[in-house]
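User: I am new to this structure. Please take a close look at a single part and walk me through it.

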Amino acid sequence: MQDTTPKDIGSLSFGLMEPEEYREMSATKIITADTYDDDGFPIDMGLMDPRLGVIDPGLECKTCGKHSGSCNGHFGHIELAAPVIHVGFTKLIRRLLRGTCRECSKLLLTEDERDEFRDQLDESRKLSRDLNDVTKAAIRQARKKDRCPFCGEIQYDIDHEKPTTYYEVQQVLTSEYSQSIAGAMQGDEEEGVERTTPDELAEQTEIELTRVNEILSGSFRPRESQRKAIEKALDIDLTEEDTNKLMPSDIRDWFENIPDEDIEVLGINPDRSRPEWMILTVLPVPPVTARPSITLDNGQRSEDDLTHKLVDIIRINQRFMENREAGAPQLIIEDLWELLQYHVTTFMDNEISGTPPARHRSGRPLKTLSQRLKGKEGRFRGSLSGKRVNFSARTVISPDPTLSLNEVGVPDRVAKEMTQTMNVTERNVEDARRFVSNGPEGHPGANYVRRPDGRRLKVTEKNCEQLAEKVEAGWEVNRHLIDGDIVIFNRQPSLHRMSIMAHEVVVMPYKTFRLNTVVCPPYNADFDGDEMNMHALQNEEARAEARVLMRVQEQMLSPRFGENIIGAIQDHISGMYLLTHDNPRFNETQALDLLRATRIDELPEPSGIDDEGTPFWTGYDVFSELLPDDLDLEFTGTIGDEVVIEDGQLLQGTIAEDEVGEFGGEIVDTITKVYGNTRARIFVNEVSTLAMRAIMHFGFSIGIDDETIPGEAQSRIDETIADANDRVEELIEAYENNELESLPGRTIDETLEMKIMQTLSRARDNAGNIADEHFQDDNPAVVMANSGARGSMLNLTQMAGAVGQQAVRGERINRGYEDRTLSHYEPNDLSAEAHGFVENSYTSGLTPREFFFHAMGGREGLVDTAVRTSKSGYLQRRLINALSELETQYDGTVRDTSDTIVQFEFGEDGTSPVKVSSDEDNDIDVEHIADRVLDSEFESAEERQEFLGSKPRPTNLSEHADDRLAEGTEVTSDD
Amino acid sequence: MVDVSQHELVPEHTVLEEEALEDVLEEYNIDRTDLPKIKRNDPALPDEAEIGDVIKIVRDSRTTDQSIVYRLVVE
């Protein structure tokens, strides 16, 4: 395929094909229904004629001389004995029949009307509106005409019997006209209609009396004008419907006479398509490559469904011709004609309503042309949009905190299967030979080589040594994935662009993909069995693009809200909290241990000397080592204290979720925006490793004892709940005595419910507060809730205090039996207990009835999430489909594919949320940016010089390269 | 009847003069049919707006103070 250049498609036009064109492009006329002769050779002018292309390997195409694989096949044609209708155009045919004159074929519109519709059509085209609206209106207007405005011919209604039969419906004089007239002349005494004498009738209708008598006797058929006069005089209907079938040949003749100017008004381009071409006289026969026959194990040939259908068509076609030549009666001819129409129809579409589908001998409906294209497994959705790819892998994911967030651990067996093409040059020939000599089994090895002559050789265990010696510059080596290669990593559902990111490979043993836990939020991944897909990139352009645009660190900021989506999570946050909350002290060994997985290998000056004379380092100082030296930041932190960072030193505050967490951790966000993605990546990596070291230093665990409270507290909680129960009883009593006053806009019942709910939720909160008092600040659950790592105080309340009211649809539980929730309660019991108030805590344990109510509330939550995800997924899909073609142009406008403007400026301000720092107060944080600019400009002359000269950001090329650059060391040039 | 164009949430709609329109079309290098559309019977339109006119809408924006949008009046 290397010798074919891709071609640009200039334009596509859709239209009808002329029968003559079918004949011209045809490689042969097909006349026999047989496919192969007794020796197994295809019959000339049969359905498998060798001129239609080759399917058997080794044979040569008789038309183009190419071999199977490179010959696309050639169309043949069948000359139909009689014209048949193309099923795809039945609606358009009906429209044309209704809109044109049956005599002169002109459009039934005056010239003025016609021109008007043509102008409307032009305008619609310009505004890219639906042209059908105009053409439909034109036909509607034309159908109103009783007579042709040009030749004066009376027009009849056209009836369409699906799929392919058309009738002309005429109103003609009924055969029982004399009886009808006579009956009407009798009159009806009951209805008060008087008798009419022939004399009176003659007078009223202005027909001679003798004629009237002749009509009454049935010997004279009244003319149309006379019929109308009689109908009017006697108030009767003398017509009956007479249907006249239009044969395809009639329709073809009719359409041939439609003038070109008239077709234009109906949205058809007369230069390209003539309406009579919708009636087929020649049927193109698809090339054999489109309907290959299969040889079964027993040597028998099995033909494609299309071939079967073509056989049917040819058989009927021949019978039709024979019968017509033999002068068979019209009835038989018509039957055969209909049969031919049926076969041609089902050849194109075998799922037409009203027609029985053509079946295979086994009874299976045949898969004909339209069935190949339609539906999920059809050509469009299945073969063109649903491409499957090579160089992809899928396996379970598991966490590895030692990896950088840019990396992915790839199992060695995957690395050995997925290859990268290496163009061998003088400079990498040594490497290339090493890869080849390692063979396909050794890691970093190679699977294939391509010689400069284009020949591809498989590297095997046996030939790898010899092959390695032959590798020279100019060869291509398909080597295994090695550390540092870039691959694309993806987890479904791919809902946003961070669902597909590029990672650098780290080859590892075992069978799972390994990833750093901080990339879980963008992928929405966890490790309960999730699987992810990996794709190895196959050309340099793709690899460069992935590295620059798609690497995880480049996706640090979410385009949704412009803040970081990657940051510390869960234990990282608990760890940072423990490290910085009370600013603990560490001795030298401990401090070095905390920082061992970071780049810091020398401690700063000790923070102080303790009473025993040993130097110590505080948590603040250890954390500050990770910060950029010139970072200044001040904001209100997670636990409500002021966080102050000056010159890269944390002076005050606790580091937790709002500082370094995912979804907008302030420090991560600032570092990304001010110091760049690479610095942010280093920071997040180091924060996560420091936090892991810290949490391991302090130790962190949670158990049931952490949620139990002293008996004294328990009895206070019981008291509160008993109190609440009493108050609920009081409310119920007041309600039953009609003493309850309703709240504005509520009924008494609703008021009672609301007040009970209020009382009970207050009781739960009080129970929680009592429980809280007994939790120390170093309680792990409290640490997690305060730092924002996981859980909330509500979870704690429910574990230690009381679970509280269970709700279904936002109300207390009211369903179950008649007038009661469970058979354990009296009917109409309004008490807290009978409606799902759980007064126990999760630690103390729920009673069976409480458990049941809890399950009801819990079930609602599950159903809600299930329904919500599917609903919102569908909504999102539709939004994406509707918006996918919009594109921001270089001039800042957002336009669709037809260049119509959707937004005059992207987002009305022309800025990307990722490139702009903003907060609640400022849409764009101008003050901060200006501060930074001024600072660097006015401090000193050198600084100003540095400001004016561009300070190069570390490259984003590779994990290893930017570490060096970030440190400020130079990369030595290759040559 | 309520005149919605006086409502505080309805932004200002004015018919764009021919000259100003040409500048706009030139700025974006478009035909007037490439503009977003507004229906003639839209109650926010000024009375003098005819089909084929271009309307200038100045409205408050969440991202910028004010944003200017042009729309072509269609039937």
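**Two helices and a binding site**

Analyst: Helix 2 of chain A and helix 4 of chain A are oblique to each other. Their axes cross at roughly 40°, and an angle counts as oblique because it is neither under 35 degrees, nor 65 to 115, nor over 145. The model is predicted. Helix 2 of chain A spans residues 90-99, and helix 4 of chain A spans residues 131-143. The two axes come within 8 Å.

Which residues meet here? From helix 2 of chain A come Arg95(A), Arg98(A) and Gly99(A). From helix 4 of chain A come Ile139(A), Ala142(A) and Arg143(A). The residues of this contact divide into two nonpolar, one polar and three charged.

Now to an annotated site. The UniProt record, an unreviewed entry, places a "binding site" at Cys61(A), Cys64(A), Cys71(A) and His74(A).

Take Cys71(A) from that list. Cys71(A) sits in the loop between helix 1 (19-25) and strand 1 (76-85) of chain A. Is Cys71(A) buried or exposed? Cys71(A) is buried, because 22 other C-beta atoms lie within 10 Å, and the cut-off for buried is 20 or more. Leaving out residues up to four places away in sequence, Cys71(A) touches Gly53(A), Val54(A), Cys61(A), Cys64(A) and Lys66(A). Cys61(A) and Cys64(A) are also named in the UniProt "binding site".

Next, His74(A). His74(A) lies in the loop between helix 1 and strand 1 of chain A. His74(A) is buried, with 22 other C-beta atoms within 10 Å. Again leaving out residues up to four places away in sequence, His74(A) touches Ala27(A), Arg51(A), Leu52(A), Gly53(A), Thr63(A) and Pro287(A).

Technical notes: Residues are numbered from 1 along each chain as its sequence is written. Chains are lettered from A and ligands numbered from 1 in the order in which they are written. This is a predicted model: local features need pLDDT of at least 70, side-chain atom pairs count only at pLDDT 80 or more; totals for chains, interfaces and linings use all residues. Axes are lines fitted to C-alpha atoms, for helices over the stretch in contact, and angles run from 0 to 180 degrees between N-to-C directions. Helices (H or I, at least four residues) and strands (E, at least two) are DSSP runs, numbered from the N terminus. Two residues are in contact if their C-beta atoms, placed from the backbone, lie within 7 Å. Ala, Val, Leu, Ile, Met, Phe, Trp, Tyr, Cys and Pro count as nonpolar, Asp, Glu, Lys and Arg as charged, and the others, Gly among them, as polar. UniProt positions are given in the numbering used here, feature names are shortened, and annotations may be inferred rather than shown by experiment. A residue is buried if 20 or more other C-beta atoms lie within 10 Å of its own, exposed if 12 or fewer, and partly exposed in between; C-beta atoms are placed from the backbone.
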